[in-house]
Every structure is written in structure tokens, then in C-alpha cells.
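Visitor: Could you walk me through this fold, cut-offs included?

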Amino acid sequence: MEKLGGELALAIEPADSEVSLALQDAFFAEITSRYPSWRPGSSQSFEAEDLAPPDGTWLVAYLNGAPVGCGGLQRLDAETGEVRRIFLDESVRGLGIGRALLTQLEEHARSLGYRRVRLTTGDQQPEALGLFESSGYGEIPPFTDGPFTRHWMEKRLT
């Protein structure tokens, strides 16, 4: 991993802000490049308010003031949150920003009283799978039915 060069800030923002939507568009473009038959609406979706207080959060990562990544936390039940749409611009991968986003989302989950967090990913996202596995997430039975999801994972927070 390269050393992070510059100032990293993780900001809580609305998931439907202009910056957030632009990052999500980049996320969708990447998903489409990795899963060519993927189409919007073919995977689990959410509303912006699902990733907002009091039960969730949405973070935008800024490096030297420029938005470079995002990720959210959504309530599944009283004890479980789901990490959603972790994305980093390709130019900043390998700098530890994804791990910082994931760690901060886990801290938010703890502060909301969640005992565990879950997430999903597919086979064409080895970087994400590696991050999740190295962060303590383990495979669990499916809890969604996304057509490209191959890994359903969970981490206990307590």
C-alpha cells in the first residue's frame, strides 16, 4: 500500500447531494464495466433517507479537498447495519482511504447500537473482497438476492 499523501477528510453528507450523486454515478459506471449485463434497478437499491440519521449515515471522502470516495450505512434491523456502495476513484486506490471509510462506517454502526454490520460484493470486485476479508468480515448465508452478488459478509462489532 502506498502512503497517503495529502489531507484526508471524511464528511457526513446527504446521499443525494450533488457530490454524492456524482460519486455514485462513477460507482455505477465501474459496476457496469465489471458486470456488463448489469443495469440500474437490477440490484438492491435504497433511498437517500435510508443512509441518513437517525438509523444510517453517508460519508464522502475528500483528499486535499477533492471528493474521491463514498460509502454508506443503512439499518437492516435493530442490531444490524449494512455497508452500502463503498467506492473509491481508481486514482486513490491503495492509499488506505477505503479502509478509513469502512472503519468510520463501523464506528457509526457502533454509535447507533448495531451489534454487527453486513455487506455484499461480487466476484469481479477482488479489491473490495480483499478489503472486507482483511477487515474481519466473514462469509454468511445470503441475505439479499442481487444477481451479481456472490459474497454475503458480516462482522460482529461487539
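What follows is a set of questions and answers on the helix, the sheet, the cores and the odd backbone angles.

Guide: First, the ground rules: this is a predicted model, where local features need pLDDT of at least 70, side-chain atom pairs count only at pLDDT 80 or more, and totals for chains, interfaces and linings use all residues. Residues are numbered from 1 along each chain as its sequence is written, and side-chain values use heavy atoms, with hydrogens and water left out.

Visitor: Which residue shares a polar contact of 2.9 Å with the side chain of S17?

Guide: S17 sits in the loop between β1 (8–12) and α1 (18–34); helices (H or I, at least four residues) and strands (E, at least two) are DSSP runs, numbered from the N terminus. At 18% relative accessibility S17 counts as buried, given that buried means under 20% relative accessible area, exposed over 50%, and partly exposed in between (1.4 Å probe, protein chains only). A polar contact is a pair of N or O atoms within 3.5 Å; within protein, one must be able to donate a hydrogen and the other to accept it, and residues adjacent in sequence count only if both atoms are side-chain atoms. The side-chain partner of S17 at 2.9 Å is S20.

Visitor: How wide is the arc that holds the buried residues of α1?

Guide: The buried residues of α1 are S20, L23, Q24, F27, E30 and I31. Seen down the helix axis they line one face, because they fall within a limited arc (taken from the directions from the helix axis to the C-beta atoms). On the other side of α1, E18, D25 and S33 are exposed. The arc of the buried residues is 115 degrees.

Visitor: And what distance does α1 reach from its first C-alpha to its last?

Guide: α1 has 17 residues. The expected span is 1.5 Å times one less than the number of residues, and for α1 that comes to 24 Å. The model's value is close to that, at 25 Å.

Visitor: Which strands stand at the edges of the sheet?

Guide: Seven strands form an open sheet with mixed pairing, in the order β1-β2-β3-β4-β5-β7-β6; two strands pair if DSSP finds at least two bridges between them. An edge strand has a single partner, so one side of it is left without a neighbour in the sheet. The strands in that position are β1 and β6 (138–139).

Visitor: Do β4 and β5 run parallel or antiparallel?

Guide: Start with the other partner of β4: seven bridges join it to β3, and those two run antiparallel, forming a hairpin with two residues between them. On the β5 side there are three bridges, and the bridge partner of E82 in β5 is R118. β4 and β5 run parallel.

Visitor: Which element gives the most to the largest nonpolar core?

Guide: A nonpolar core is a set of buried Ala, Val, Leu, Ile, Met, Phe, Trp, Tyr and Cys residues joined through side-chain atoms within 4.5 Å. The largest one has 24 residues, of which I97, F132 and Y137 touch the most other members. β2, β3, β4, α2 (97–111), β5 (116–121) and α3 (126–134) each supply at least two residues. With five residues, the one that gives the most is α2.

Visitor: What is the relative accessible area of T121?

Guide: T121 is found in strand β5. Leaving aside neighbours within four places in sequence, T121 is in contact (heavy atoms within 4.5 Å) with A128, L129, F132, F148, T149, R150 and H151. Its side chain also makes a polar contact of 3.4 Å with that of Q125. T121 is buried, with a relative accessible area of 5%.

Visitor: Is R85 buried or exposed?

Guide: Most residues other than glycine have a negative phi, and most peptide bonds are trans. R85, in strand β4, has a positive phi near 50 degrees. N64, in the loop between β2 and β3, has one of about 55 degrees and counts as exposed at 54% relative accessibility. R85, at 13%, counts as buried.

Visitor: Which residues does the cis peptide bond join?

Guide: One of the two lies in the loop between α1 and β2, and that is P54. The omega of the bond is about 15 degrees. The cis bond joins P53 and P54.
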